[in-house]
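Here is a short report to read beside the sequence and the 3D view. Keep both open as you go.

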Amino acid sequence: MPPLSLGPAIARARQLCGNAEVWAILRFDQDNDRMEVYWSERTVAGAQTPDGAGGFRHYGTHAESVMIHGFAQALADHGAPRVAEIFLSRSPCSTSPLITVGGVQYPEGCASKLILLANQNPGIQFNVFYRNLYAGNPANPDPALRARSSAAVMMMNSCPNLEAGPLEDGLLVNP
Ligand SMILES: [Zn+2]
């Protein structure tokens, strides 16, 4: 089955996304044939199954952590890109737990994890686009978490090969 291109993949992810559910879409060199979709996926029906439309639905906690677990496989499957775009339902948090992937320990917080991923792949430019600034549960947003998320975005932008900003549908390249 042909994979969805970026725009429909984002639309579909948004449709399936609930308050407790987050997603990350990884695309290499703005090529819709070199794209993967990852989910936090605790509550989406069909968790841990290949979905046949948007890519394999990896299961995990924070979608960025799931994406980092899958990143080496994405490189193997699609070849190393010059540019890796990462589309997120929520901006990277500063709270997710440590993970170890491929012998590398990634620190607390998805923003710090993405910075380390960029440091580990200096030949790749990482462009991160988020739908909403993370503030915990959208039904009960936490101003302190939102402030930490703003700081995390600034921290990511101080990394030489990592840029982070809000996602705007109208500005998607090759949707
Ligand atoms: Zn996170």
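Does Q30 count as buried, partly exposed or exposed, and why? Q30 has 17 C-beta neighbours inside 10 Å, so it counts as partly exposed. To be buried, a residue needs 20 or more such neighbours; to be exposed, 12 or fewer. Bear in mind throughout that this is a predicted model.

## Overall layout

The protein holds four helices and seven strands. From the N terminus on, their order is α-β-β-α-β-β-β-α-β-α-β. The protein has 175 residues, and 39% of them count as buried. Contacts reach far along the chain. Taking contacts with a separation of 6 or more, 61% join residues 24 or more positions apart.

## The sheet

Five strands make up an open sheet. Their order is β2-β1-β3-β6-β7, and the pairing is mixed. β2 (35-39) and β7 are the edge strands, each pairing on one side only. From one strand to the next, the twist averages 15°.

Three of the pairings are set out here.

| Strand pair | Sense | Bridges | A facing pair |
|---|---|---|---|
| β1 and β2 | antiparallel | five bridges | I25 and V37 |
| β3 and β6 | parallel | seven bridges | R90 and N132 |
| β6 and β7 | parallel | five bridges | Y130 and P166 |

Between β6 and β7 there is also a bridge from N127 to E163. Helix α4 lies across β6 and β7. The helix runs at about 145° to β7.

## The β1-β2 hairpin

β1 and β2 form a hairpin, with six residues between them. Q30 sits in this loop between β1 and β2. So does D29, in the loop between β1 (23-28) and β2.

Now look at the backbone here. Most residues other than glycine have a negative phi. D29 is not a glycine, yet its phi is positive, at about 50°. Q30 is not a glycine either, and has a positive phi of about 55°. As for its surroundings, D29 has 16 C-beta neighbours inside 10 Å and therefore counts as partly exposed.

Strand β2 is another matter. How many of the five residues of β2 are buried? Five of the five are, so β2 is largely enclosed by the rest of the structure. In a regular strand, side chains alternate between the two faces of the sheet. In β2 both faces are covered. M35, V37 and W39 are buried on one side, and E36 and Y38 are buried on the other. β2 is thus an edge strand that pairs on one side only, and it is also largely enclosed.

## The nonpolar core

The largest nonpolar core has 43 residues. Which of them touch the most other members? They are A24, I25 and L114.

Take I25. Leaving out residues up to four places away in sequence, I25 touches L6, A9, I10, A13, M35, V37 and F87. Two of these contacts, M35 and V37, are buried on one side of β2. V37 is also the bridge partner of I25 in β2.

## Helix α3 and its neighbours

L114 leads to helix α3 (residues 110-120), where it is one of the buried residues. The others are C110, A111, K113, I115, L117 and A118. A lysine, K113, is thus among the buried positions.

What do the buried residues of α3 pack against? Their partners are α2 (63-78), β5 (104-106), β6 (125-132), α4 (143-157) and β7 (162-166).

The packing with α2 can be followed more closely. Two packed helices are described by the angle between their axes and the distance between the axes. The axes of α2 and α3 come within 10 Å and cross at roughly 20°. α2 and α3 are therefore roughly parallel to each other. The crossing is left-handed. On the α2 side, the residues that meet α3 are E64, S65, I68 and F71. On the α3 side they are C110, K113, L114 and L117. An α-helix has 3.6 residues a turn, so residues three or four places apart point the same way. Each of these four α3 residues is also on the buried list.

Conventions. Residues are numbered from 1 along each chain as its sequence is written. This is a predicted model: local features need pLDDT of at least 70, side-chain atom pairs count only at pLDDT 80 or more; totals for chains, interfaces and linings use all residues. A nonpolar core is a set of buried Ala, Val, Leu, Ile, Met, Phe, Trp, Tyr and Cys residues joined through C-beta atoms within 7 Å. Two residues are in contact if their C-beta atoms, placed from the backbone, lie within 7 Å. Helices (H or I, at least four residues) and strands (E, at least two) are DSSP runs, numbered from the N terminus. Two strands pair if DSSP finds at least two bridges between them. Axes are lines fitted to C-alpha atoms, for helices over the stretch in contact, and angles run from 0 to 180 degrees between N-to-C directions. Angles under 35 degrees count as roughly parallel, over 145 as roughly antiparallel, 65 to 115 as roughly perpendicular and the rest as oblique. A crossing is left-handed if the near helix is turned anticlockwise from the far one by less than a right angle, and right-handed if clockwise.
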